Amino acid sequence: KATLEAARIQYFELKDYKSLVVDEPVHRVTDSEIDEIIDNMVYSSNNFESVDEVIDKNCNVYVEILKDDVKTEENKELEDKEQSSEENKTESMPVLLRDKRLSSKFTDLFLNKKVDEIFEYSIKDLYDDIEIPTDQDNKVTKLKITKIDKIIPQEINEEFILKYSNNKFTNLEDLKEDIGFEIQNNWDKKSRSIVEDNIVNK
């Protein structure tokens, strides 16, 4: 038994594209963009050193969120007993200070802080460019630093270059050039997509 399939083709009228003026975004890759990617590769290491103070942002800091409760002498003793239990112990959360998704205002708060130090942050510290309503602006959260792991960077050598170039290169300049081509290619794709959208929508 034969089956006949029919495809429905949609037509649309292309407007006078010759007279259109379309701005094409142009981006040229800079050395700083390439160096930033190399830097991220160097610090994507699983080797850490436990330290007592946050000297720079090449650290993973573990924190506990402290409850801002008013304690009486009676319930403080009870709470101390509860906290001694492993079941009720609060787990520390890692804050990766190199994470670009975090607000620089927030990660700056960790600089020069030490293990066991307590400090506060507000909602406005979580955003660099967003204005927070005044009714939320004063709300603060207390954090206690429980551990600081300083990232030990990887050495840039032939093994490193082979690893991050999928065995294509042994020279750092060749790796940088390849990274630059990849960044430029991604920007060019974005530019073409924006131009095509502008033509269709005009």
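Start your tour by selecting Leu126, Tyr127 and Ile130: together they form a nonpolar patch on the surface, with about 270 Å² of accessible area. Keep in mind that what you have open is a predicted model. Within the patch, click on isoleucine 130, which sits in the loop that runs between strand 4 (118–122) and helix 4 (134–137). Its relative accessibility is 52%, so isoleucine 130 counts as exposed.

**Zoom out: the whole chain**

Now show the cartoon for the full protein. You should find six helices and five strands. Reading from the N terminus, the order of elements is α-β-β-α-β-α-β-α-β-α-α. Colour by burial and 21% of the 202 residues will count as buried. If you switch on the surface, its accessible area comes to about 15900 Å², and carbon and sulfur atoms account for 47% of that. A contact map is worth a look too: among contacts between residues at least 6 apart in sequence, 74% join residues at least 24 apart.

**Stop at methionine 41**

Next, select methionine 41, in helix 1 (residues 31–42). Is methionine 41 buried or exposed? Its relative accessibility is 13%, which falls under the 20% cut-off, so methionine 41 counts as buried. Show its neighbours and leave out residues up to four places away in sequence: methionine 41 touches Gln154, Phe160, Tyr164 and Ile179. Then draw a distance from its C-alpha atom to that of isoleucine 156; the two are 9.5 Å apart in space and 115 residues apart along the chain.

**Over to serine 165**

Move to the loop between helix 5 (158–164) and helix 6 (172–201), where you will find serine 165. At 2% relative accessibility, this serine 165 counts as buried. Which backbone atoms lie by the polar side-chain atom of serine 165? One is the backbone oxygen of isoleucine 161, at 2.7 Å. Another is the backbone nitrogen of phenylalanine 169, at 3.0 Å.

**The salt bridges**

Side chains of opposite charge can pair when their charged atoms come close. The structure holds seven salt bridges, and three of them make good stops.

Begin with lysine 150 and aspartate 56, whose side chains meet at 3.0 Å, N to O. This pair links distant parts of the chain, 94 residues apart: lysine 150 belongs to strand 5 (residues 140–151), while aspartate 56 is in the loop between strand 1 (48–51) and strand 2 (59–66). Lysine 150 is partly exposed, with a relative accessible area of 25%. Aspartate 56 is also partly exposed, at 25%.

Stay around that loop and pick aspartate 108 with lysine 57, a salt bridge in which the closest N and O atoms are 2.7 Å apart. Aspartate 108 is in helix 3 (residues 104–108) and lysine 57 is in the loop between strand 1 and strand 2, so this pair ties together parts 51 residues apart in sequence. Both ends are partly exposed: aspartate 108 has a relative accessible area of 39%, and lysine 57 has 25%.

Finish with aspartate 178 and lysine 168, whose side chains meet in a salt bridge at 3.5 Å, N to O. Here aspartate 178 lies in helix 6 and lysine 168 in the loop between helix 5 and helix 6, so the parts tied together are 10 residues apart in sequence. Aspartate 178 is partly exposed at 27%, whereas lysine 168, at 52% relative accessibility, counts as exposed.

Definitions and conventions: Residues are numbered from 1 along each chain as its sequence is written. This is a predicted model: local features need pLDDT of at least 70, side-chain atom pairs count only at pLDDT 80 or more; totals for chains, interfaces and linings use all residues. Side-chain values use heavy atoms; hydrogens and water are left out. Helices (H or I, at least four residues) and strands (E, at least two) are DSSP runs, numbered from the N terminus. Buried means under 20% relative accessible area, exposed over 50%, partly exposed in between (1.4 Å probe, protein chains only). Contact means heavy atoms within 4.5 Å. Accessible areas come from the Shrake-Rupley method with a 1.4 Å probe; for residues, only the protein chains shown count as cover. Patches are made of residues with over 30% relative accessible area and no salt bridge: like charges are joined within 9 Å, nonpolar side chains (Val, Leu, Ile, Met, Phe, Trp, Tyr) within 5 Å. A salt bridge is a side-chain nitrogen of Lys or Arg within 4 Å of a carboxyl oxygen of Asp or Glu. A polar contact is a pair of N or O atoms within 3.5 Å; within protein, one must be able to donate a hydrogen and the other to accept it, and residues adjacent in sequence count only if both atoms are side-chain atoms.
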